[in-house]
Amino acid sequence: MIILKHELKQNKGAFIIWTAAIGFFILACIFLYPEMKNEMDEATKVFASMGTFSSAFGMDKLNFGTLIGFYAVECGNILGIGGAFFAAISGVTALMKEEKERTAEFLFTHPVSRKKVITEKLISVFIMIVLMNIIILCLAVLSMAAIGEKIIWTEILLYHFAQLMMQLEIGGICFGISAYISSSGIGIGIGITAAFYFLNLIANISDKADFLKYITPYGYTDGSDIINDKSINVMYLLIGMVFMVVGIVIAYVKYTKKDLKA
Amino acid sequence: MKAITTNNLKKKYGDIIGIENLNLSVDEGDFFGFIGPNGAGKSTTIRTLLGLIAPTSGEASIFDMDIVGDHDKILDSIGYLPSEINFYNKMTVKEVIKLSVDMRKKDCSKKAEELCERLNLDTSKKVDALSLGNRKKVGIICAIQHQPKLLILDEPTSGLDPLMQKEFFKILSEENSNGSTVFLSSHILSEVQSYCHTAAFIKDGRIIVSDKVEKLEETGAKKITFSGTFDTTTLKGVSDLQQNEGTTSFLYTGDIKKLLRLMSESEIKDLTITEPTLEEIFMNYYEA
């Protein structure tokens with residue numbers, strides 16, 4: 001538990017900044033909604049006629065006149081990108097930073113096994129992701145109530161659950177990468193997340209690229225699908241979880257045997 | 001029991017050899033100096049023993065425990081000071097020292113306090129604001145506070161001022177007389193000569209000699225220093241020949257009578273014959 005406590009303490013600053021930033025933008029979006037609501041009927045028609053541009057973001061299928069429709073697209077992008085970046089950065093730096101900051105010699109010459117360090121670091125990444133999602137969900141629900149909108153629990157909870165799973169998947173994959181690198185991992189983490197995001201845009205635009213949804217975790221977090229179907233695509237989600245587990249297993253296999261840089 | 005034994009220990013980094021067939025033996029309770037120039041393999045040996053890197057072949061044990069199989073157990077009885085030590089930013093000295101004992105599941109606050117006082121270290125400062133020497137002191141405390149059975153120190157005195165170096169060796173000597181085995185790597189021979197009981201020279205990843213310091217000092221070689229003209233080319237057993245402002249010096253392992261006879265026939269103004277320092281012996285090994 002010492003490593004876990006230490007990790008959480010070390011990451012406290014970054015966690016607060018990311019949570020505050022994402023939370024703030026989501027709050028701002030929701031509080032803007034009442035003003036935009038009246039113009040949204042028009043906007044929905046416009047978006048519906050914009051063809052592939054709208055379909056890329058799932059805007060052709062959602063009704064902007066409803067809060068949930070608006071929330072799924074606007075807030076979906078904020079949490080979907082911001083949260084995923086945070087998960088990627090947390091995962092990819094978790095193991096790598098010991099070598100980069102040259103603290104590996106200090107940490108790994110204490111009687112704590114590498115396996116234990118890996119486990120506690122992984123738990124720390126997951127705790128931060130879960131905690132951030134709980135905070136954001138509370139903020140979102142409270143602010144929806146504050147603007148006097150009815151809260152559609154099923155859709156909101158499903159949507160946030162999908163977001164959480166996506167972040168855990170990205171965190172797990174990046175954790176695996178973290179075991180291989182010993183410097184400059186943040187770029188890789190953000191790059192992978194951005195690539196996943198664009199793969200989903202492509203899949204949304206063209207039916208021929210639909211298979212990409214099996215690869216990118218944005219396949220199962222797409223707000224328009226979740227809100228319209230009132231369910232998450234279980235196949236996409238399961239495949240995503242397999243990717244996450246593979247990432248974690250790779251981290252253990254690689255890092256327990258890794259020659260650590262001085 | 002041996003504190004450290006290595007048997008044909010080898011570490012390769014790709015094609016580059018770090019250490020090759022290294023055979024080292026350190027007795028329990030010894031004060032051992034591990035000497036070699038930069039890049040000779042000192043740190044590679046230490047990092048392999050500590051399990052930071054895996055050996056390519058060969059084996060090694062610490063207190064009869066295998067460095068690969070019993071890695072976690074071994075670390076319980078070791079205190080280690082890296083040559084370049086870094087800590088987690090944003091932490092204070094106190095927090096780092098606490099983290100170190102927490103990971104050992106021990107309480108050594110009294111010993112830590114005593115060491116901080118002796119080394120004159122302010123524990124309320126942030127570690128990232130510390131100078132190299134003060135960071136080293138934090139590392140020394142983390143290595144020593146739990147009074148390990150084996151202390152492994154990689155170039156421990158770099159960055160410490162002479163007064164602190166003296167205090168540091170005093171602490172080490174005390175730990176050693178309390179039963180701790182001390183294993184330190186260095187390229188400063190005078191400190192090895194004054195404090196270590198045993199020393200080993202490492203060159204290109206191999207141990208070239210390992211013996212008691214007194215034995216190494218009595219290699220039979222004498223250091224000859226003279227002024228005047230004397231031709232050494234006809235003599236056997238001459239090494240480390242140096243000329244400096246009219247005086248010439250060399251290490252001599254040959255027949256002393258022959259040397260004196262030849263010298264008496266030459267134009268010699270001054271002559272001294274002394275025991276060579278460890279440094280000179282060491283240079284002799286490296287150039288050989």
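Which residues touch the most other members of the largest nonpolar core? In this predicted model, they are B:Leu172 and B:Phe183, within a core of 148 residues. Domain 1 (2-217) and domain 2 (222-287) of chain B each contribute at least three residues to this core.

The contacts of B:Phe183 show where it sits in the chain B fold. Apart from neighbours within four places in sequence, B:Phe183 is in contact with B:Ile4, B:Leu24, B:Val26, B:Phe32, B:Phe34 and B:Ile46. The list also includes B:Leu150, B:Leu151, B:Ile152 and B:Leu153. In soluble globular proteins, nonpolar side chains tend to be buried together. A second core, separate from the largest, has 8 residues, among them B:Phe226, B:Leu235, B:Phe250 and B:Leu259.

**Chain B**

Chain B has 288 residues, of which 49% are buried. Its secondary structure comes to 10 helices and 14 strands. The C-alpha trace of chain B spans about 70 × 40 × 35 Å along its principal axes. Taking the contacts in chain B between residues at least 6 apart in sequence, 70% join residues at least 24 apart.

The domain assignment divides chain B into domain 1 (2-217) and domain 2 (222-287). The contact between them takes 14 residues from domain 1 and 8 residues from domain 2. The C-alpha centres of these two domains of chain B lie 37 Å apart.

One loop residue of chain B can be described individually. B:Thr92 is found in the loop between β6 and α3 of chain B. Is B:Thr92 buried or exposed? B:Thr92 counts as buried because its relative accessibility is 16%, and the cut-off for buried is under 20%. Leaving aside neighbours within four places in sequence, B:Thr92 is in contact with B:Thr123, B:Ser124, B:Lys125, B:Lys126 and B:Val127.

**Cavities**

Rolling a probe the size of a water molecule over the atoms shows where empty space is left. A search of the whole structure finds 2 cavities of 30 Å³ or more. The largest cavity has a volume of about 190 Å³. Its lining has 19 residues, and those nearest its centre are A:Gly76, A:Asn77, A:Thr221, A:Asp222 and A:Gly223. Two or more lining residues come from each of α3 (67-94), α7 (153-178), α8 (186-205), α9 (218-221) and α10 (223-229) of chain A. The largest share, 5 residues, is given by α3(A).

The second largest cavity has a volume of about 90 Å³. Of its 13 lining residues, A:Phe106, A:Thr109, A:His110, B:Tyr80 and B:Cys142 are the closest to its centre. At least two residues of this lining are supplied by each of α5 (104-107) of chain A, and β6 (78-81) and α5 (132-144) of chain B. The largest share of the lining, 3 residues, comes from α5(B).

**Pockets**

The largest pocket holds about 450 Å³ of space. It is lined by 21 residues, and the closest to its centre are A:Gln10, A:Asn11, A:Thr93, A:Lys97 and A:Glu101. The elements giving two or more residues to this lining are α1 (2-48), α3 and α4 (96-100) of chain A.

The second largest pocket has a volume of about 370 Å³. Which residues lie nearest the centre of the second largest pocket? Among its 16 lining residues, these are A:Lys5, A:His6, A:Lys9, B:Met91 and B:Glu95. Two or more residues come from each of α1 of chain A and α3 (93-103) of chain B. The helix α1(A) gives the most to this lining, with 7 residues.

The table sets out the linings by residue class.

| Space | Nonpolar | Polar | Charged |
|---|---|---|---|
| Largest cavity | 9 residues | 9 residues | 1 residue |
| Second largest cavity | 6 residues | 5 residues | 2 residues |
| Largest pocket | 8 residues | 8 residues | 5 residues |
| Second largest pocket | 4 residues | 4 residues | 8 residues |

Note on methods. Residues are numbered from 1 along each chain as its sequence is written. Chains are lettered from A and ligands numbered from 1 in the order in which they are written. This is a predicted model: local features need pLDDT of at least 70, side-chain atom pairs count only at pLDDT 80 or more; totals for chains, interfaces and linings use all residues. Side-chain values use heavy atoms; hydrogens and water are left out. A nonpolar core is a set of buried Ala, Val, Leu, Ile, Met, Phe, Trp, Tyr and Cys residues joined through side-chain atoms within 4.5 Å. Buried means under 20% relative accessible area, exposed over 50%, partly exposed in between (1.4 Å probe, protein chains only). Domain bounds come from an automatic or database domain assignment. Contact means heavy atoms within 4.5 Å. On a 1 Å grid over the protein atoms alone, a cavity is a set of points where a 1.4 Å probe fits but cannot get out, and a pocket is an open set with protein on both sides within 12 Å along at least five of seven lines; lining residues have an atom within 4 Å of a point. Grid points are joined across faces, edges and corners, and a volume is the space filled by probe spheres set on the points. Helices (H or I, at least four residues) and strands (E, at least two) are DSSP runs, numbered from the N terminus. Ala, Val, Leu, Ile, Met, Phe, Trp, Tyr, Cys and Pro count as nonpolar, Asp, Glu, Lys and Arg as charged, and the others, Gly among them, as polar.
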